[in-house]
Amino acid sequence: MTTPVRDLTRPLLAFWVADDDIYAAEDEAQALALANAIAGPGAYTLDDVMPVSAEVLDERLRDDSGRLAWTLRGLLMDQKAPGYLAGYEQ
């Protein structure tokens, strides 16, 4: 099996799929495909996919000890390939 080549000229963006899951993907269709690969074919449709807002991406989140430690944008910037980014309540 060969790994698909990612177009490095297109940045990874963050997309909600359903209510609690965020995927790093190049576009909505790729986020949908990633989510359905985990949940099962047809579990979600494009109606279940929407971009994560800048406000949510930049919200400071706490680590296990309660310190403000990271943001979803930071996680997204560290993501090297499309895939699951985080479980997070909207």
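A residue counts as buried under 20% relative accessible area, as exposed over 50%, and as partly exposed in between. The exercises below apply this scale, among other criteria, to a predicted model.

**Exercise 1. Determine how many helices and strands the chain has, in what order they run, and what share of the residues is buried.**

Step 1. The secondary structure comes to three helices and six strands.

Step 2. Read from the N terminus on, these elements follow the order β-β-α-β-α-β-β-α-β.

Step 3. Of the 90 residues in the chain, 30% are buried.

Step 4. As for contacts between residues at least 6 apart in sequence, 45% of them join residues at least 24 apart.

**Exercise 2. Describe helix H1: its span, its buried face, the elements that this face packs against, and its two ends.**

Step 1. Helix H1 covers residues 28-39, that is 12 residues, and the distance from its first C-alpha to its last is 16 Å, close to the 16 Å expected at 1.5 Å a residue.

Step 2. The buried residues of H1 are Ala31, Leu32, Ala35 and Asn36. Viewed down the axis of H1, the buried residues fall within an arc of 130°, and therefore they line one face of the helix.

Step 3. On the face of H1 that is turned away from the buried side one finds the exposed residues Ala37 and Ile38.

Step 4. The partners of the buried residues of H1 are strand E1 (13-17), strand E2 (21-25) and strand E3 (49-51), against which they pack.

Step 5. At the N-terminal end, Asp27 acts as the cap of H1, with a side-chain oxygen 3.3 Å from the backbone nitrogen of Ala29. Just after H1, Gly40 adopts a positive phi of about 115°.

**Exercise 3. Classify the aromatic pair of the structure by its ring geometry, and state how exposed each partner is.**

Step 1. A search of the whole structure returns one aromatic pair.

Step 2. The ring centres of Tyr23 and Tyr84 lie 5.3 Å apart and the ring planes meet at 85°, so the pair is edge-to-face, given that planes over 60 degrees apart are counted in that class.

Step 3. The pair links distant parts of the chain, since Tyr23 belongs to strand E2 and Tyr84 to strand E6 (residues 83-87), with their positions 61 residues apart.

Step 4. Tyr23, at 4% relative accessibility, counts as buried, whereas Tyr84, with a relative accessible area of 38%, is partly exposed.

**Exercise 4. Locate the salt bridge of the structure, and assign an exposure class to each of its residues.**

Step 1. The structure holds one salt bridge, in which the side chains of Arg73 and Asp58 meet at 2.5 Å, N to O.

Step 2. Arg73 sits in helix H3 (residues 72-78) and Asp58 in helix H2 (residues 54-58), 15 residues apart, and the pair thus links distant parts of the chain.

Step 3. Arg73 has a relative accessible area of 31% and is partly exposed; Asp58, at 40% relative accessibility, also counts as partly exposed.

**Exercise 5. Work out the surroundings of three loop residues, Ala18, Tyr44 and Thr71.**

Step 1. Ala18 is placed in the loop between E1 and E2, and its phi is near 70°, a positive value in a residue other than glycine. At 25% relative accessibility, Ala18 counts as partly exposed.

Step 2. Tyr44 belongs to the loop between H1 and E3 and is partly exposed, with a relative accessible area of 22%. Not counting residues up to four places away in sequence, Tyr44 touches Val17, Ala18, Asp21, Leu32, Ala35, Asn36 and Ala39. For Leu32, which is 12 residues from Tyr44 along the chain, the C-alpha separation is 6.9 Å.

Step 3. Thr71 occupies the loop between strand E5 (68-70) and H3, and its relative accessible area of 15% makes it buried. The side chain of Thr71 reaches the backbone nitrogen of Gly74 at 2.9 Å. With neighbours within four places in sequence left aside, Thr71 is in contact with Leu57, Asp58, Glu59 and Arg60; of these, Asp58 is the residue whose side chain meets that of Arg73 in the salt bridge.

Notes:
Residues are numbered from 1 along each chain as its sequence is written. This is a predicted model: local features need pLDDT of at least 70, side-chain atom pairs count only at pLDDT 80 or more; totals for chains, interfaces and linings use all residues. Side-chain values use heavy atoms; hydrogens and water are left out. Helices (H or I, at least four residues) and strands (E, at least two) are DSSP runs, numbered from the N terminus. The expected span of a helix is 1.5 Å times one less than its number of residues. Buried means under 20% relative accessible area, exposed over 50%, partly exposed in between (1.4 Å probe, protein chains only). The arc is that of the directions from the helix axis to the C-beta atoms. Contact means heavy atoms within 4.5 Å. A polar contact is a pair of N or O atoms within 3.5 Å; within protein, one must be able to donate a hydrogen and the other to accept it, and residues adjacent in sequence count only if both atoms are side-chain atoms. Rings of Phe, Tyr and Trp (its six-membered ring) pair if their centres lie within 6.5 Å; planes under 30 degrees apart count as stacked, over 60 as edge-to-face and the rest as tilted. A salt bridge is a side-chain nitrogen of Lys or Arg within 4 Å of a carboxyl oxygen of Asp or Glu.
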